[in-house]
Amino acid sequence: MIKAILVFNNHGKPRLTKFYHYFSEDMQQQIVKETFQLVSKRDDNVCNFLEGGSLIGGSDYKLIYRHYATLYFVFCVDSSESELGILDLIQVFVETLDKCFENVCELDLIFHVDKVHYILNELVMGGMVLETNMTEILTRIEDQNKLEKQEAGITAAPARAVSAVKNMNIPQQIKDMKLPDLPQAIKDLKF
C-alpha cells in the first residue's frame, strides 16, 4: 500500500504532497524534509529505492523515487508493493503529466495543482493503485476537460444574456412602438 506521494524540487520545496495515512501538518513537513535529505544526497547512478526514514515508518517502508530535471517524485510504500511496479507507476504518472501539459515543468505543478491532483487520483486513490494504462487515464482526463468546458458554457450564460439585453437597445425600441391612441381605444371597447 502507498503511504505517501511526494514531489519536491532540487531545493526541497514541496510541489505536490499526498498522504494516505493521517499525519499532522508539522509531521508532514518533517517527513518531506527528511525524505528530501535522504533522496537528494544519493548519486544518480545508484538504486532508486531505499528504506523509509524514521518518521515515515523506518525499515517497514520503502522510498521509491525518480529524479526528472528539477523534480523528485517519491512514493513511500510498504513491503507489499513491488519496487519495480512503483517505478513504472512513477513513469506513467510523469508521462501522463507530460502529455497533459505538453512538456511538463515545475511551474505546471504549481499553477495547475487541481489538475495534477485529478491526474494523480486517476492513478492512485486511498493508497491503492487504480489504473496504470496511460491511454485510459488520458481518456478520463479528456472527459473531465469536456465537462469543464460545458460547465463554463452554463456559467457564462447569465453574462451572455445581460450582453444580449444591452445590445437590444430597449429604450429606442420603446420609442419606436406604435401604440393606439388611448381615448379612441377606450371608446372602441364595448362593455
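Does Lys-62 count as buried or exposed, and at what relative accessibility? At 15% relative accessibility, Lys-62 counts as buried, because the limit for a buried residue is under 20%. The legends below describe this residue and other sites in a predicted model.

**Figure 1. Overview of the chain in the predicted model.** The chain contains seven helices and seven strands. Along the sequence, these elements follow the order β-β-α-β-β-β-α-α-α-β-β-α-α-α. Of the 191 residues, 32% count as buried. Among contacts in the chain with a separation of 6 or more, 47% are accounted for by residues 24 or more positions apart.

**Figure 2. Surroundings of Lys-62 in strand S4.** Strand S4 spans residues 61–68 and includes Lys-62. The side chain of Lys-62 is joined to that of Glu-83 by a polar contact of 3.0 Å. Helix H2, which covers residues 83–101, includes Glu-83. When residues up to four places away in sequence are not counted, Lys-62 touches Leu-50, Glu-51 and Gly-52, together with Phe-75, Cys-76, Val-77, Asp-78, Ser-79, Glu-81 and Glu-83. Of these partners, Phe-75, Cys-76, Val-77 and Asp-78 fall within strand S5 (71–78).

**Figure 3. Ser-80 in the loop between strand S5 and helix H2.** With a relative accessible area of 57%, Ser-80 is exposed. The side chain of Ser-80 makes a polar contact of 2.6 Å with the side chain of Asp-78. Asp-78 is also one of the residues touched by Lys-62. A polar atom of the Ser-80 side chain lies 3.0 Å from the backbone nitrogen of Met-1. Ser-80 and Asp-60 are 20 residues apart along the chain, and their C-alpha atoms are separated by 9.9 Å.

**Figure 4. Packing of helix H2 against helix H4.** Helix H2 (residues 83–101) and helix H4 (residues 113–123) pack at an angle of about 140 degrees, and their axes are 11 Å apart. The two helices are therefore oblique to each other. The crossing of H2 past H4 is right-handed. On the H2 side, the residues that meet H4 are Leu-89, Val-92, Phe-93, Thr-96, Leu-97, Cys-100 and Phe-101. On the H4 side, their counterparts are Lys-115, Val-116, Ile-119, Leu-120 and Leu-123. By class, this contact comprises ten nonpolar residues, one polar residue and one charged residue. Thr-96 is the polar member and Lys-115 the charged one.

**Figure 5. Positive phi angles at Glu-102 and Asn-103 in the loop between helices H2 and H3.** Most residues other than glycine have a negative phi. Glu-102, although not a glycine, has a positive phi of about 50 degrees. Asn-103 is likewise not a glycine, and its phi is positive at about 65 degrees. Glu-102 is placed in the loop that runs from H2 to helix H3 (106–111), and Asn-103 is found in the loop between H2 and H3 as well. Glu-102 counts as exposed at 67% relative accessibility. Asn-103 also counts as exposed, at 62% relative accessibility.

**Figure 6. Arg-140 of helix H5 and its side-chain partners.** Helix H5 spans residues 134–167 and includes Arg-140. At 33% relative accessibility, Arg-140 counts as partly exposed. A polar contact of 2.4 Å joins the side chain of Arg-140 to that of Glu-136. The side chain of Arg-140 makes another polar contact, of 3.2 Å, with the side chain of Asp-143. Apart from residues up to four places away in sequence, Arg-140 touches Tyr-118 and Glu-122.

**Figure 7. Tyr-118 of helix H4 and its contacts with helix H5.** Tyr-118 is placed in helix H4 and counts as partly exposed at 26% relative accessibility. Leaving aside neighbours within four places in sequence, Tyr-118 is in contact with Arg-140, Ile-141 and Gln-144. The C-alpha atoms of Tyr-118 and Ile-141 are separated by 8.0 Å, with the two residues 23 residues apart along the chain. Arg-140 and Tyr-118, 22 residues apart in sequence, are 9.8 Å apart in space from C-alpha to C-alpha.

How values were computed
Residues are numbered from 1 along each chain as its sequence is written. This is a predicted model: local features need pLDDT of at least 70, side-chain atom pairs count only at pLDDT 80 or more; totals for chains, interfaces and linings use all residues. Side-chain values use heavy atoms; hydrogens and water are left out. Helices (H or I, at least four residues) and strands (E, at least two) are DSSP runs, numbered from the N terminus. Buried means under 20% relative accessible area, exposed over 50%, partly exposed in between (1.4 Å probe, protein chains only). A polar contact is a pair of N or O atoms within 3.5 Å; within protein, one must be able to donate a hydrogen and the other to accept it, and residues adjacent in sequence count only if both atoms are side-chain atoms. Contact means heavy atoms within 4.5 Å. Axes are lines fitted to C-alpha atoms, for helices over the stretch in contact, and angles run from 0 to 180 degrees between N-to-C directions. Angles under 35 degrees count as roughly parallel, over 145 as roughly antiparallel, 65 to 115 as roughly perpendicular and the rest as oblique. A crossing is left-handed if the near helix is turned anticlockwise from the far one by less than a right angle, and right-handed if clockwise.
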